[in-house]
4 protein chains.
Amino acid sequence: MNKDRNYIFEMPMKVRDYEVDSEGIVNNAVYLHYLEHTRHEFCEWAGLSFREMHSRGIDPVLSKVTVEYKHPLGLGQRFVSKLGLGRRGPLFVFRQDLFTEDGNPVVRADVEVACIENGRLTRGLPLVEAFGKYLEEK
Amino acid sequence: MNKDRNYIFEMPMKVRDYEVDSEGIVNNAVYLHYLEHTRHEFCEWAGLSFREMHSRGIDPVLSKVTVEYKHPLGLGQRFVSKLGLGRRGPLFVFRQDLFTEDGNPVVRADVEVACIENGRLTRGLPLVEAFGKYLEEK
Amino acid sequence: MNKDRNYIFEMPMKVRDYEVDSEGIVNNAVYLHYLEHTRHEFCEWAGLSFREMHSRGIDPVLSKVTVEYKHPLGLGQRFVSKLGLGRRGPLFVFRQDLFTEDGNPVVRADVEVACIENGRLTRGLPLVEAFGKYLEEK
Amino acid sequence: MNKDRNYIFEMPMKVRDYEVDSEGIVNNAVYLHYLEHTRHEFCEWAGLSFREMHSRGIDPVLSKVTVEYKHPLGLGQRFVSKLGLGRRGPLFVFRQDLFTEDGNPVVRADVEVACIENGRLTRGLPLVEAFGKYLEEK
């Protein structure tokens, strides 16, 4: 839908009523929950869950998130969460977009993740190995 | 304010806008966050924080919560959270009430907490020792 | 699974990682979100969503919630949310239980809902009409 | 603390235990709640709350958020939330930073807010009037 984004994973989601605030739209912080849940579902689907990473001494940590809010979601609305994966130096960059069922953009986000192994910042080679085939560029 | 309740701790709080849902009132689950935060602040104030309990191998776990919703809170509203502490058999019972600044009841709750030490249910003697002087009856 | 409960609706759910707290288990307030979401999905499925009720001047409000915590859910765990519906005087009582995939009880809850029509407490006849066939007893 | 930021408002805050996730640190989305709460407290303090704006037909909406995560907060930690206010074209830009009590950076964020009046994007003149003296540049 965004021509510059190569999605490798997508999942349908639906707004839960408690996620909507007094203005009748999904609260701005809740979109970060949607994005996080999508990343974790992707990792599980790709074969290396956050739980497994943690048990191996690998902790992916967020270093930067940029979110553009395009159009708000409301009560009970269904939407689609799409994800692409690239690199910027040692960082992993999740390109994550949400769309309405009609394909209208809801949120466009870039999520930069650093890899901490046993307390030290690394290039995250175990993750490159696990997710290599999904990376946009190598 | 409730004659049958002996409060031993209270703290002022204020609704944060993101806690209010599309009906313009604080979402029902958020009151449990208020109650939990009050319990943890009480424990810290009484000299034994949840972090310390955990590091000593003591894990208080909720076994039952009863909440009566009296009058909803709205955007930006200030309120007071009050807490009493009793026992029911091996359980600790937190009697927790929220009131508006005018003293009107918002929520009336009983929160039963079991004490797990090193994986086993106990009578929570270290907690009785720490909180003994605050217990309603012994 | 609970012999004394006649379920009329159930849905599969899965823990999202951000719902788990520092003790590695789902935070106690989050279960109320699960229960609320299930009620709203039931109402939508039964043909009368909370949005429609509200637009007709009907506002169901929680009056009391009793939750027994049986066994905690953890990271990424799947579970099933089941719902029955009865009455207690003018109130609707949602009997809501959560189970692990193996059928072990997670949470057992009774949720009492009052019906406010145009600002006044009523017996909720429009809801009785909509949900009548699902009510345990009449 | 950040020399390039002119703060006009600050408030002390404290992590609530339910905001911490299974990794023992505040969940990434929760920082957006801290930032939102700070903006709303600032507006109330400056004399024009979000409730009043809404009642006048003015709805500030987020258009973009950029968050850099510097150092995570943990259980029970106190921190300070600081806010500056500038403009970028028709947008208001809240420069919002969180610091530990020792002055170490936790989060550095830019929050762009558009002003919708009666359904149309405007330059937000009522807000310029209300917040003019706090704007970095005019």
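## Burial and overall dimensions of chain A

A residue is buried if 20 or more other C-beta atoms lie within 10 Å of its own. By that criterion, 36% of the 138 residues of chain A count as buried. The model is predicted, and the values below are computed from it.

The radius of gyration of chain A is 15 Å, which agrees with the value near 14 Å for a compact globule of 138 residues. The C-alpha trace of chain A spans about 45 × 30 × 25 Å along its principal axes.

## Secondary structure and contact order in chain A

Chain A has 3 helices and 6 strands. Read from the N terminus, the order of its elements is β-α-α-β-β-β-β-β-α.

Contacts in chain A between residues at least 6 apart in sequence can be sorted by separation: 69% of them join residues at least 24 apart.

## Strands β3 to β5 of chain B

Strand β4 of chain B, residues 91-100, is mostly covered, with 7 of its 10 residues buried. β4(B) pairs with two strands. With β3(B), residues 78-88, the pairing is antiparallel and runs over 10 bridges; here B:Leu98 of β4(B) has B:Ser81 opposite. With β5(B), residues 105-117, the pairing is again antiparallel, over 8 bridges, and B:Phe94 faces B:Val111 of β5(B) across the pair.

Both connections are hairpins. Between β3(B) and β4(B) there are 2 residues, and B:Gly89 in this hairpin has a positive phi near 60 degrees. The hairpin of β4(B) and β5(B) has 4 residues between its strands, and there B:Gly103 adopts a positive phi near 90 degrees.

## Nonpolar cores

The largest nonpolar core holds 63 residues, and the members that touch the most others in it are A:Tyr31 and D:Tyr31. Leaving out residues up to four places away in sequence, D:Tyr31 touches D:Val26, D:Val67, D:Leu98 and D:Val107.

A second core, separate from this one, has 62 residues. Among them are B:Val26 and B:Tyr69 from chain B, and C:Ile25 and C:Leu73 from chain C.

## Contact between chains C and D

Chains C and D also touch: 9 residues of chain C are in contact with 9 residues of chain D. On the chain C side, the contacting residues comprise 4 nonpolar, 3 polar and 2 charged.

Terms used. Residues are numbered from 1 along each chain as its sequence is written. Chains are lettered from A and ligands numbered from 1 in the order in which they are written. This is a predicted model: local features need pLDDT of at least 70, side-chain atom pairs count only at pLDDT 80 or more; totals for chains, interfaces and linings use all residues. Two residues are in contact if their C-beta atoms, placed from the backbone, lie within 7 Å. Ala, Val, Leu, Ile, Met, Phe, Trp, Tyr, Cys and Pro count as nonpolar, Asp, Glu, Lys and Arg as charged, and the others, Gly among them, as polar. The radius of gyration is taken over C-alpha atoms; the globule rule is 2.2 Å times the number of residues to the power 0.38. A residue is buried if 20 or more other C-beta atoms lie within 10 Å of its own, exposed if 12 or fewer, and partly exposed in between; C-beta atoms are placed from the backbone. Two strands pair if DSSP finds at least two bridges between them. A nonpolar core is a set of buried Ala, Val, Leu, Ile, Met, Phe, Trp, Tyr and Cys residues joined through C-beta atoms within 7 Å.
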